[in-house]
Amino acid sequence: MPMALLDSPNSTSKLFATHLNYVKSIELITKNLSIHTDVSVKNSLRHPKFEKFLKLSEVTQQSIDNELNTCANEPGYVQVIASWISVKCYYKLYYLESVFLFLAFGSEVGFNHGGHTGVRRSLHSLIKQ
């Protein structure tokens with residue numbers, strides 16, 4: 001069965017509805033958002049949980065970069081990766097958000113079973129504050 005793509009510039013197939021909702025949600029909650037920190041790094045911090053997620057983030061980024069390079073060389077490949085590249089990007093963000101919550105607040109919510117929901121709730125709460 002052929003991959004369903006955008007029917008028109010103003011509509012999306014059901015395959016991408018979840019991805020589009022996620023992007024719209026992030027856009028809505030981060031519009032006009034700015035973050036200011038007064039942090040200086042004096043020592044490195046090592047912790048197996050966030051180091052694992054940092055490594056997963058790096059590996060996921062390499063995978064994304066490889067997919068994009070392949071698309072540049074083989075334009076037909078775009079249709080093949082369209083359904084999973086956004087998922088890879090989501091996971092890249094999830095890993096980094098989990099590390100952020102751990103380093104900033106000591107929260108291990110992203111490292112636990114069901115962490116995706118916890119990370120979303122934590123970030124939404126922080127943004128509202």
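In this predicted model, a group of residues in helix α3, made up of Tyr90, Tyr91, Tyr94, Glu97, Ser98, Phe100, Leu101 and Phe105, meets a group in helix α4, namely Gly115, His116, Val119, Arg120, Ser122, Leu123 and Leu126. Sorted by character, the residues of this contact come out as 9 nonpolar, 4 polar and 2 charged. The two helices cover residues 77–105 (α3) and residues 115–128 (α4), and they pack at an angle of about 60 degrees. Their axes lie 10 Å apart, and the crossing is left-handed.

Stepping back to the whole chain, there are 4 helices and 0 strands. Going along the sequence, that gives the pattern α-α-α-α. The chain has 129 residues, and 23% of them are buried. How much of the contact in the chain comes from residues 24 or more positions apart? Counting contacts with a separation of 6 or more, such pairs account for 56%.

Now for the charged side chains, which bring the picture back to α3 and α4. The structure holds 3 salt bridges. One of them sits between Glu97 and Arg120, with N and O 2.6 Å apart. Glu97 belongs to helix α3 and Arg120 to helix α4, so this salt bridge ties together parts of the chain that are 23 residues apart in sequence. Both residues also appear in the list of those that meet where α3 and α4 pack. Are these two partners buried or exposed? Glu97 has a relative accessible area of 14%, which makes this residue buried, because the cut-off for buried is under 20%. Arg120 is at 16%, so Arg120 counts as buried too. Leaving aside residues up to four places away in sequence, Glu97 touches Tyr22, Val119, Arg120 and Leu123. Val119, Arg120 and Leu123 are among the α4 residues in the helix contact, so the buried Glu97 touches several residues of that group.

A second salt bridge joins the side chains of Lys88 and Glu67, at 2.8 Å from N to O. Here the link runs between helix α3, which holds Lys88, and helix α2, which holds Glu67, and the two residues are 21 positions apart. Glu67 is buried, with a relative accessibility of just 9%.

The third pair is Lys49 and Glu108, whose closest N and O atoms are 2.6 Å apart. Lys49 is in helix α2 (residues 48–73), while Glu108 is in the loop between α3 and α4, so to speak a reach across 59 residues of the chain. What about the surroundings of Lys49 and Glu108, buried or exposed? Each falls in between: Lys49 is partly exposed at 34% relative accessible area, and Glu108 is partly exposed at 29%.

Cysteines are worth a quick look as well. How many disulfides does a search of the whole structure find? The count is 0. Cys71 is buried, with a relative accessibility of 12%. Cys89, on the other hand, is partly exposed, with a relative accessible area of 34%.

Two further residues of helix α3 show how parts of the chain that are separated in sequence are placed in space. Ser86 lies in α3 and is partly exposed, with a relative accessible area of 23%. Ser86 and His19 are 67 residues apart in sequence, yet their C-alpha atoms are 6.8 Å apart. Leu93 is also found in α3, and at 40% relative accessibility Leu93 counts as partly exposed. For Leu93 the partner is Gln61, 32 residues away along the chain, and the C-alpha atoms of this pair are separated by 10.0 Å.

Put together, helix α3 turns up again and again in this model. Helix α3 packs against α4, holds Lys88 of the salt bridge to Glu67 in α2, and supplies Glu97 for the salt bridge to Arg120 in α4.

Technical notes
Residues numbered from 1 in each chain as written. Predicted model: local features only at pLDDT ≥ 70, side-chain atom pairs only at ≥ 80, totals over all residues. Heavy atoms only, no water. Axes fitted to C-alpha atoms, helices over the stretch in contact; angles between N-to-C directions. Left-handed = near helix turned anticlockwise from the far one by under 90°. Contact = heavy atoms within 4.5 Å. Nonpolar A, V, L, I, M, F, W, Y, C, P; charged D, E, K, R; others polar. Salt bridge = Lys/Arg side-chain N within 4 Å of Asp/Glu carboxyl O. Buried < 20%, exposed > 50% of the residue type's maximum accessible area, 1.4 Å probe, protein only. Disulfide = S-S within 2.5 Å.
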